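Colleague: Please take a close look at one part of this structure and describe how its pieces are packed together. I should be grateful if each term were explained as it arises.

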Amino acid sequence: MATPATSSRPPALTAAQAVALALLKHGHTQRTIQARTDVTPDVLYALAAAWDITAPCGTVEGHACHQVRDEDPCGPCATARGRADARELARKRKTLPAAVRRARFGNPRRRQAASR
Ligand SMILES: [Zn+2]
């Protein structure tokens with residue numbers, strides 16, 4: 001029973017999308033991929049799932065590939081994601097005004113004008 005290999009394939013990719021998937025597969029970051037190809041992350045991961053392409057494990061991109069396939073991330077991907085989240089959080093902590101910070105992250109210690 002000969003089924004043509006093309007029958008189950010998703011629609012053809014644009015040149016930019018094909019490049020984006022190749023970059024993803026070779027471990028480039030989604031930021032680099034978007035900068036080079038104009039393919040946004042949501043499109044990128046949807047295509048990756050459709051074409052059965054995954055980013056290397058142990059990267060944020062690998063984690064996103066697990067997510068788009070409805071899988072639990074593997075250990076290295078979960079670690080990579082956790083690290084990226086922590087970094088992002090640290091960056092936000094530095095740039096957000098104190099009031100926003102309190103609203104978003106809670107205020108663990110109530111400091112009521114004690115020292116002034
Ligand atoms: Zn993984």
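Modeller: A crossing is called left-handed if the near helix is turned anticlockwise from the far one by less than a right angle, and right-handed if clockwise. Helices are DSSP runs of H or I with at least four residues, numbered from the N terminus. The model is predicted, so to speak of a local feature requires pLDDT of at least 70 and side-chain atom pairs count only at pLDDT 80 or more, while totals for chains, interfaces and linings use all residues. Residues are numbered from 1 along each chain as its sequence is written.

The part chosen is the surroundings of α4, beginning with α5. The crossing of these two helices, α4 and α5, is left-handed. Their axes (lines fitted to C-alpha atoms over the stretch in contact, with angles from 0 to 180 degrees between N-to-C directions) come within 8 Å and cross at roughly 115 degrees. On the α4 side, V60, G62, H63 and H66 are in contact (C-beta atoms, placed from the backbone, within 7 Å) with C77, A78, A80, R81 and A84 of α5. By class, the contact of α4 with α5 has five nonpolar, three polar and one charged residues; Ala, Val, Leu, Ile, Met, Phe, Trp, Tyr, Cys and Pro count as nonpolar, Asp, Glu, Lys and Arg as charged, and the others, Gly among them, as polar.

Between α4 (60-68) and α5 (75-95) runs a loop that holds D70. The phi of D70 is positive, near 65 degrees, although D70 is a residue other than glycine. D70 counts as exposed because it has 7 C-beta neighbours inside 10 Å (exposed means 12 or fewer, buried 20 or more, and partly exposed in between).

α4 also packs against α3, at an angle of about 65 degrees and with the axes 9 Å apart. Here the crossing is right-handed. Y45, A46, A48 and A49 of α3 make this contact with A64, C65 and V68 of α4. The contact of α3 with α4 comprises seven nonpolar residues, with no polar and no charged ones.

Both α3 and α4 also take part in the largest nonpolar core, to which α1 (15-25), α3 and α4 each supply at least two residues. Such a core is a set of buried Ala, Val, Leu, Ile, Met, Phe, Trp, Tyr and Cys residues joined through C-beta atoms within 7 Å. This one has 13 residues, and A20, L24, I33, L44 and A48 have the most contacts inside it. Leaving aside residues up to four places away in sequence, L44 touches A20, L24, Q30, I33 and V39.

Conventions
Two residues are in contact if their C-beta atoms, placed from the backbone, lie within 7 Å.
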